[in-house]
Each structure stands twice: as structure tokens, then as C-alpha cells.
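This report describes the secondary structure, helix packing and selected residue environments of a single protein. The sequence and model are shown below.

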Amino acid sequence: MLVLAGIVVLHITTIILLLVATIDNAWWITSTVSTDLWGRWELTGSEWHYTNLKNYPEEFLQAVQATSVLACVFAILALFVFVAQLFTLPKGQRFTFTGVLQLITCLCIMIAASIYTAELHADETQGGYGHSYVLAWISFVLTFLLAITYLVLRKKSE
């Protein structure tokens, strides 16, 4: 029972990290600019002003946005499927469908972060990747570990 609670807590933690990474405005930061997947915050004087993302290749930006949102959706769906499988799966069976959903989540995160790394800020010399970017990669590792756990885990017979 303790292992099950740990898996659920890890899954919920991963979902929260994914949502923060997708929503928060710190994928690329400098001293005067903070950029997320949806817009850019620029410091003018002592106030932050929101602007649209310009000078980004539209197709790459949309791919990152779409895969980030899909990762959140698949992670939440995997949690609901896992809970449903706890009550409906026959004893001794593996949580394969939940594991596959987690692998899809993992793949979506990897695609989003990789495209962001390779295409959106490859030539910039000022600034660096912010905490949202780091949270996305941490979520990648956690979802991969969860996927492996779900694929190996069997429902115990009582």
C-alpha cells in the first residue's frame, strides 16, 4: 500500500511540475527579459510589460506549445487511468495502458524541450534557460521512471 501511495504522490508531483513548466514565464531569462511558451515579459523602468513572441520560428514555437500541452493532458489522463485500473484490472495483470500513456507523456516533454533547445535560443549569447525549462527536463526524467514503474508493476492478489 505504501508503494502505491508513493507512486500516486510521484505522479501528482510530476503533473504539478509539468503544469508549472508549461504555464510559468521562465523558459529563457535575462536581466530584462523573461520568456515562456506563450509570451515575453520585458522590464521597462521598474515595470514588467507583456509582449507577443516575435522573431521566433512559428512552426517550432507551435510544436513546443502543442507538445507541452499534450504532455500535461496525457499525464493527467494516465493518473485517472491508473486509478481506474486499480479497481477494474484483474489480479496479477500489469498496468500497461497507464505505462504507455506515461511513455507518450515522456516523449512529448522530450520533444518540446529538445525543440526549444535546438531551435528557439540556439544563437543567443545573453541570458540562459530558466527554472521552467529545468522543470520540464526534471518532469521528463520523472515521467520516464513512472512509465517504467507502471510497465513493471503488477496488481497484487490479496
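Does Leu 145 count as buried, exposed or partly exposed? The relative accessibility of Leu 145 is 45%, and buried requires under 20% whereas exposed requires over 50%, so Leu 145 counts as partly exposed. The model is predicted.

## Overall architecture

Four helices and five strands make up the secondary structure of the protein. Their order along the sequence is α-β-β-β-β-α-α-β-α. The C-alpha trace spans about 65 × 30 × 20 Å along its principal axes.

Of the 158 residues in the protein, 40% are buried. When contacts between residues at least 6 apart in sequence are considered, 69% of them join residues at least 24 apart.

## Helix α1 and its two sides

Helix α1 comprises residues 2–23, a total of 22 residues. From its first C-alpha to its last it reaches 32 Å, close to the 32 Å expected at 1.5 Å a residue. The buried residues of α1 are Ile 7, His 11, Thr 14, Ile 15, Leu 17, Leu 18, Ala 21 and Thr 22. These residues lie on the same side of α1, because they cover an arc of only 165 degrees around the axis.

On the other side of α1, the residues Leu 2, Val 9 and Ile 23 are exposed. The cover over the buried residues of α1 includes three helices, namely α2 (58–88), α3 (96–120) and α4 (131–152).

## Packing of α1 against α2

Two packed helices are described by the angle between their axes and the distance between the axes. For α1 and α2, the axes come within 9 Å and cross at roughly 160 degrees. The two helices are therefore roughly antiparallel to each other, and α1 passes α2 in a left-handed crossing.

On the α1 side, the contact is made by Leu 4, Ile 7, Val 8, His 11, Ile 12, Ile 15, Leu 18, Leu 19 and Thr 22. The α2 side contributes Ser 68, Val 69, Ala 71, Cys 72, Ala 75, Ile 76, Ala 78, Leu 79, Phe 82 and Leu 86. Among the α1 residues in this contact, Ile 7, His 11, Ile 15, Leu 18 and Thr 22 are also buried.

## Packing of α2, α3 and α4

The axes of α2 and α3 come within 8 Å and cross at roughly 160 degrees. That angle makes α2 roughly antiparallel to α3, and the crossing of this pair is left-handed.

For α3 and α4, the axes come within 8 Å, with a crossing angle of roughly 155 degrees. These two helices are therefore roughly antiparallel to each other. Their crossing is left-handed.

## Helix α4 and Leu 145

The 22 residues of α4 should span 32 Å at 1.5 Å a residue, and the end C-alpha atoms are 31 Å apart, which agrees. The buried residues of α4 are Ser 132, Tyr 133, Leu 135, Ala 136, Ser 139, Phe 140, Leu 142, Thr 143, Leu 146, Ala 147 and Tyr 150. What covers them includes α1, α2, α3 and β5 (128–129).

Leu 145 also lies in helix α4. Its C-alpha atom is 9.3 Å from that of Leu 103, and the two residues are 42 residues apart in sequence.

## Environment of Trp 27

Trp 27 is located in the loop between α1 and β1 (28–29). With a relative accessible area of 2%, Trp 27 is buried. Its C-alpha atom is separated by 5.1 Å from that of Ser 132, a residue 105 residues apart from Trp 27 along the chain.

Residues up to four places away in sequence not being counted, Trp 27 touches Ala 21, Thr 35, Asp 36, Leu 37, Tyr 116, Gly 128, Tyr 129, Gly 130, Ser 132, Tyr 133 and Ala 136. Of these partners, Ala 21 is among the buried residues of α1, while Ser 132, Tyr 133 and Ala 136 are among the buried residues of α4.

## Environment of Leu 61

Leu 61 lies in helix α2 and is buried, with a relative accessible area of 9%. Not counting residues up to four places away in sequence, Leu 61 touches Leu 37, Leu 53, Tyr 56 and Leu 120. Leu 37 is also one of the residues touched by Trp 27.

Leu 61 and Leu 79 are 18 residues apart along the chain, and their C-alpha atoms are separated by 28 Å. Leu 79 is one of the α2 residues that make the contact with α1.

Definitions and conventions:
Residues are numbered from 1 along each chain as its sequence is written. This is a predicted model: local features need pLDDT of at least 70, side-chain atom pairs count only at pLDDT 80 or more; totals for chains, interfaces and linings use all residues. Side-chain values use heavy atoms; hydrogens and water are left out. The expected span of a helix is 1.5 Å times one less than its number of residues. Buried means under 20% relative accessible area, exposed over 50%, partly exposed in between (1.4 Å probe, protein chains only). The arc is that of the directions from the helix axis to the C-beta atoms. Contact means heavy atoms within 4.5 Å. Axes are lines fitted to C-alpha atoms, for helices over the stretch in contact, and angles run from 0 to 180 degrees between N-to-C directions. Angles under 35 degrees count as roughly parallel, over 145 as roughly antiparallel, 65 to 115 as roughly perpendicular and the rest as oblique. A crossing is left-handed if the near helix is turned anticlockwise from the far one by less than a right angle, and right-handed if clockwise.
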